[in-house]
Each structure stands twice: as C-alpha cells, then as structure tokens.
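Got the viewer open? Set the cartoon view, keep a selection box handy, and follow along.

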Amino acid sequence: MWPGPYGDWGSRKYLLASLDQSLKHMGLEYVDIFYSHRPDPETPIEETMGALDQAVRSGRALYAGISNYSATQTAAAVKILRQLGTPCLIHQPRYSMFDRWVEKGLLDVLGQEGVAALPSARWRRAC
C-alpha cells in the first residue's frame with residue numbers, strides 16, 4: 001500500500017495499517033473476512049496471525065482468513081489462531097488445472113482442521 005520497510009508482506013504494522021486504510025477508503029467500520037494473502041519469509045508467523053487476531057478482536061473484521069499458505073504453514077497458522085481464540089475461517093489458495101499445488105497436502109490439512117477452501121483461479125502466464 002506504500003513504499004518502505006512496512007509497506008509489504010505480513011508484519012503487524014503493515015497488516016493493521018492496510019486494514020485501517022482500506023476501511024477508511026471503503027467507508028466501512030469492518031470487513032467480513034480479513035486475509036493474510038501470503039506468508040512472509042521475514043516476519044514470524046506468530047506476528048502475522050497475531051495481527052489477524054487483533055483485527056477480529058478490535059471489531060475491524062468478523063473473521064480471519066489466509067491465502068496461499070502451504071500445508072505446513074497453514075497447519076501452523078491455524079494452530080496459532082486457535083490458541084489466540086480466533087479461528088481461521090477460510091483459506092483462499094490459487095487453484096486451476098494448471099496450478100494444482102493444493103492437492104499436495106493442503107486440502108488434507110484444511111479437512112483435518114475444519115477450514116473452508118475458496119479457490120482463486122488466478123493464473124499468470126510465465127514470461
């Protein structure tokens with residue numbers, strides 16, 4: 001949403017500031033689902049999930065969701081959110097006939113954890 005060290009990925013600062021900016025732009029008090037759209041290799045998953053938890057607890061989001069986390073990352077995220085008292089409602093992975101990575105364990109994790117999957121069919125052609 002902006003350049004600089006907190007302008008991308010999954011830090012608490014970025015996620016919550018982005019949510020606040022989006023709510024202001026849309027003229028809303030809350031969103032139904034607030035997603036972490038991709039795991040951040042530089043931010044501990046506990047920090048990212050803590051930001052989702054805070055968004056729900058503060059009333060700025062009704063539910064927490066994730067997007068494009070691997071099976072292992074998803075299991076960790078769901079566990080952390082559950083411990084914080086904010087269940088992970090949904091996972092929105094990329095999925096198409098060309099991009100079938102979710103079949104390599106993610107669907108099993110989602111089924112075991114009771115997390116819904118809402119696939120996104122975005123497909124990007126390699127240059």
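Here is a short walk from the whole fold to one helix, its pocket and a few charged pairs.

**Before you click.** You are looking at a predicted model, in which local features need pLDDT of at least 70, side-chain atom pairs count only at pLDDT 80 or more, and totals for chains, interfaces and linings use all residues. Residues are numbered from 1 along each chain as its sequence is written, and side-chain values use heavy atoms, with hydrogens and water left out.

**Stop 1: the whole chain.** Colour by secondary structure and you should find 4 helices and 4 strands; both are DSSP runs numbered from the N terminus, with helices being H or I of at least four residues and strands E of at least two. Starting at the N terminus, the order reads α-β-α-β-α-β-α-β. Now switch to a surface view: 41% of the 127 residues count as buried (buried is under 20% relative accessible area, exposed over 50%, partly exposed in between, using a 1.4 Å probe and protein chains only). As for contacts (heavy atoms within 4.5 Å), take those with a separation of 6 or more: 68% of them join residues 24 or more positions apart.

**Stop 2: helix α1.** Select residues 12-26. These 15 residues make up α1, which spans 21 Å from first C-alpha to last, close to the 21 Å expected at 1.5 Å a residue (the expected span is 1.5 Å times one less than the number of residues). Which residues of α1 are buried? Show Y14, L15, L16, S18, L19 and L23 as sticks, and you have them. A reminder while you look at the spacing: an α-helix has 3.6 residues a turn, so residues three or four places apart point the same way. Add β1 (31-36) and α2 (45-57) to the view, since both are among what covers those buried residues. Just after α1, click G27, where phi is positive, near 70 degrees.

**Stop 3: the largest pocket.** Keep α1 on screen and find the largest pocket, about 310 Å³ of space. Of its 15 lining residues, Y14, L15, F34, Y35 and H37 are the closest to its centre. The elements giving two or more residues to this lining are α1 and β1, and α1 has the largest share with 6 residues. By class, the lining has 10 nonpolar, 4 polar and 1 charged residues (Ala, Val, Leu, Ile, Met, Phe, Trp, Tyr, Cys and Pro count as nonpolar, Asp, Glu, Lys and Arg as charged, and the others, Gly among them, as polar).

How was it found? On a 1 Å grid over the protein atoms alone, a pocket is an open set of points where a 1.4 Å probe fits, with protein on both sides within 12 Å along at least five of seven lines; lining residues have an atom within 4 Å of a point. Points are joined across faces, edges and corners, and the volume is the space filled by probe spheres set on them.

**Stop 4: salt bridges.** Look for a side-chain nitrogen of Lys or Arg within 4 Å of a carboxyl oxygen of Asp or Glu; that rule gives 5 salt bridges. Three of them are worth a click:

- R60 and D20, 2.7 Å from N to O. This pair links distant parts of the chain, 40 residues apart, with R60 in the loop between α2 and β2 (61-66) and D20 in helix α1. R60 is buried at 16% relative accessibility, while D20 is partly exposed at 36%.
- R94 and D99, closest N and O atoms 2.9 Å apart. R94 is partly exposed at 34%, and D99 is buried at 17%.
- E103 and R100, 3.0 Å from N to O. E103 is partly exposed at 38%, as is R100 at 43%.
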